[in-house]
Amino acid sequence: MAAAQGAGSSSAGPSGLPGSAPGHSSSSTAVAVWEWQDEFGRWRPYRGNVCSYIEQVFQASQQKGRRSGSGLVSSIPLGHADPALAPYVIDIPSLMQFRQDTGTMRAVRRHLFPGDSAAGQGILWEWQNDEGGWSPYEMSVCVFLEQAHATNYQRVDLGPLGYNYEVDFVAQVQTNKTTRFRRSVQRRLDAPYPVTASPAPLHTGAACSCQQCWLNSGTGPITTRSRHSMINFPNSSATPQVSGRTASVSSSSIGFVPYNKPTLSAARSTPRLNAQSTWALPQAGGPSTGLSAANGVSTPNLPVKMSKPSKVAQALAAMPTEPEAVVRKYLEELKGAPADEDCIICMEKLCSPSGYSDACESSTIKPEMVGRLRNCQHAFHMLCMLAMYANGNKDGSLQCPSCKTIYGEKTGTQPKGKMEVSTFPQSLPGHKDCGTIQIVYHISRGIQGPEHPNPGMPYTARGFPRYCYLPDNEKGRKVLELLRVAWKRRLIFTVGTSNTTGESNTVVWNEIHHKTEMDTNLSGHGYPDPNYLDNVLAELAAQGVTEDCLRQ
């Protein structure tokens, strides 16, 4: 646990907080906190109501499995808890969050904390980001900060928790111990996290070498299901993964902020999507299929009554290409479905009907139809691919959710703007042998089109013009030319919800990372970064922007 200082006291060691045990508590009342890993390897807690929904589905699945001898539920659609998370599904066996419209995956984890901790009380500690919004610390840090705050400590050192910061409770600031840069911090009350059974010691702060920490401290995509099963813990000889703050994050694990789109939350209990007409939604006042968490937080499926065609139907009506035609263009129908393969979109067996059979309908594609993508040869329910396509940009292209191979030319939803490029002789840290390329992006506020989350509504454009930097060498110039292609295809920005401020209906970065600072790379946005150019080339390739585009 991090060191702390009380009023008039000297630095306290790992057990310096009164009444605390280092790392764990024997309390029998526990709360479960689910967190997702951002592109910098930091863990970010889902909100209390979302965790309540995830935990209830997870626990109900465990109880059903114990009674019937069957396994856990395969996936949890987050749109059932928060409509803003509609594109996201958590795959429980692999502990990965999957974004259905882009195929992006990132790691998730589950930690247990004492019921009387910050998590059990719904207390979050947050730091102020560069855009003026508030970002939460990971829950183990929140728990430690609240414990220190409750025992009247004036200052704490977060170094042992993996952060190069001190927090001053009196001034309410966080200070970088190297640069002395200061940010405001705040303590905020939110919904409590869900109460759950506790078969193991509970965490009161810093992660350690216990099985729970080993299980949940990894980063990047998890390739095996059995290792991270929530029932079968790894044995004592398992090797812990590298901490998320020191490990490199592969492009396949980088996730992006959820945004409001019409619900496509997997399967069976969601409103029906007809690719040819409107949404068939449950009527107001009808039976609820909502779930009540153990702590009283309810996460119902909200009925919606619509008197006019939905935004999805409006967008589909304007499409130049029928969705079924796009699916059939790139998938070859299989006559016999593989018996032992899953469809990773709906998590059902390919030999069973599509999990979207109650959520999406088509006159030509049946729920039991299975197709194989022509190049990469990955197989899916054709109805699942239709549902995924109808919930995306609908530009005539498909992207394999498994290997990210793109079929056709992928375009995005970037608003109109201008991209300017210039060079100057000053070198970037780590690239002393060349000058610098400066890119300036200009986008102004406007009105959302049919391809955006809320057509007809205004969108804001905060922080423009945005300045970005590349080394003026051979690889840097190659990245620049590919960024020009990505700009023309509207892939660099989109309209959604800001990951840092929480503001919706605003212009945000899409899935291609940029360096917005020339140096001081403590934030991850500057140089030196020896892996950046290779990483951004991989991100561009994941969007279908490769050297082949420069030859066309």
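Which backbone oxygen does the side chain of His 381 reach at 2.7 Å? Keep that in mind while we walk through this predicted model, and begin by colouring the chain by confidence.

**Confidence**

The mean pLDDT of the protein chain is 74, and 69% of its residues reach 70 or more. Select residues 1-26, where the pLDDT is below 50, although the model still gives this stretch 67 contacts beyond near neighbours in sequence. Then select residues 205-320, where pLDDT again stays under 50 and the model has 265 contacts beyond four places in sequence.

**The largest nonpolar core**

In the next selection, show the side chains of Tyr 46, Leu 78, Tyr 137, Met 139, Leu 145 and Leu 158, which have the most contacts inside the largest nonpolar core, a group of 44 residues. Several elements give two or more residues to this core, among them strand E3 (30-37), helix H1 (48-68), strand E8 (105-114) and helix H3 (139-150). The largest share, 7 residues, comes from H3. As general background, nonpolar side chains in soluble globular proteins tend to be buried together.

Now centre the view on Met 139 and, leaving aside residues up to four places away in sequence, look for the residues that Met 139 touches: Val 33, Glu 35, Pro 45, Phe 113, Ala 119, Leu 124 and Tyr 193. Apart from this core lies another one, of 33 residues, which you can find by selecting Tyr 441, Met 518, Val 536 and Cys 549, all among its members.

**The sheet E21-E23-E24 and His 381**

Move on to an open sheet of 3 strands, whose order is E21-E23-E24 and whose pairing is antiparallel. Strand E21 (331-334) and E24 are the edge strands, each pairing on one side only, and neighbouring strands of the sheet are turned by 40° against each other on average, direction ignored. Strand E23 (residues 370-373) and E24 run antiparallel and are joined by 3 bridges; to see one of the pairs, select Gly 371, whose bridge partner in E24 is Phe 380. Helix H7 (residues 382-390) packs on this sheet, touching E21, E23 and E24, with its direction making about 80° with that of E24. Add helix H6 (residues 323-330), which lies across E21 and E23 and runs at about 80° to E21.

Within strand E24 (residues 379-381), select His 381. His 381 counts as buried because its relative accessibility is 0%. To return to the opening question, the side chain of His 381 reaches the backbone oxygen of Ser 352 at 2.7 Å, while the backbone oxygen of Lys 349 lies 3.4 Å from a polar atom of the same side chain. Beyond four places in sequence, the residues that His 381 touches include Cys 343, Cys 346, Leu 350, Pro 367 and Met 369.

**The sheet E27-E28-E31**

For the last stop, select another open sheet of 3 strands, in the order E27-E28-E31, again with antiparallel pairing. Strand E27 (417-424) and strand E31 (466-471) each have a single partner strand, so one side of each is left without a neighbour in the sheet. The twist from one strand to the next averages 20°. Between E27 and strand E28 (residues 436-443) there are 8 bridges, and you can pick out one pair by selecting Phe 424, whose bridge partner in E28 is Thr 436. Finally, show helix H8 (residues 474-488), which packs on the sheet, touches E27, E28 and E31, and has a direction that makes about 15° with that of E28.

Definitions and conventions. Residues are numbered from 1 along each chain as its sequence is written. Side-chain values use heavy atoms; hydrogens and water are left out. pLDDT is the predictor's confidence in each residue, from 0 to 100. Contact means heavy atoms within 4.5 Å. A nonpolar core is a set of buried Ala, Val, Leu, Ile, Met, Phe, Trp, Tyr and Cys residues joined through side-chain atoms within 4.5 Å. Buried means under 20% relative accessible area, exposed over 50%, partly exposed in between (1.4 Å probe, protein chains only). Helices (H or I, at least four residues) and strands (E, at least two) are DSSP runs, numbered from the N terminus. A polar contact is a pair of N or O atoms within 3.5 Å; within protein, one must be able to donate a hydrogen and the other to accept it, and residues adjacent in sequence count only if both atoms are side-chain atoms. Two strands pair if DSSP finds at least two bridges between them. Axes are lines fitted to C-alpha atoms, for helices over the stretch in contact, and angles run from 0 to 180 degrees between N-to-C directions.
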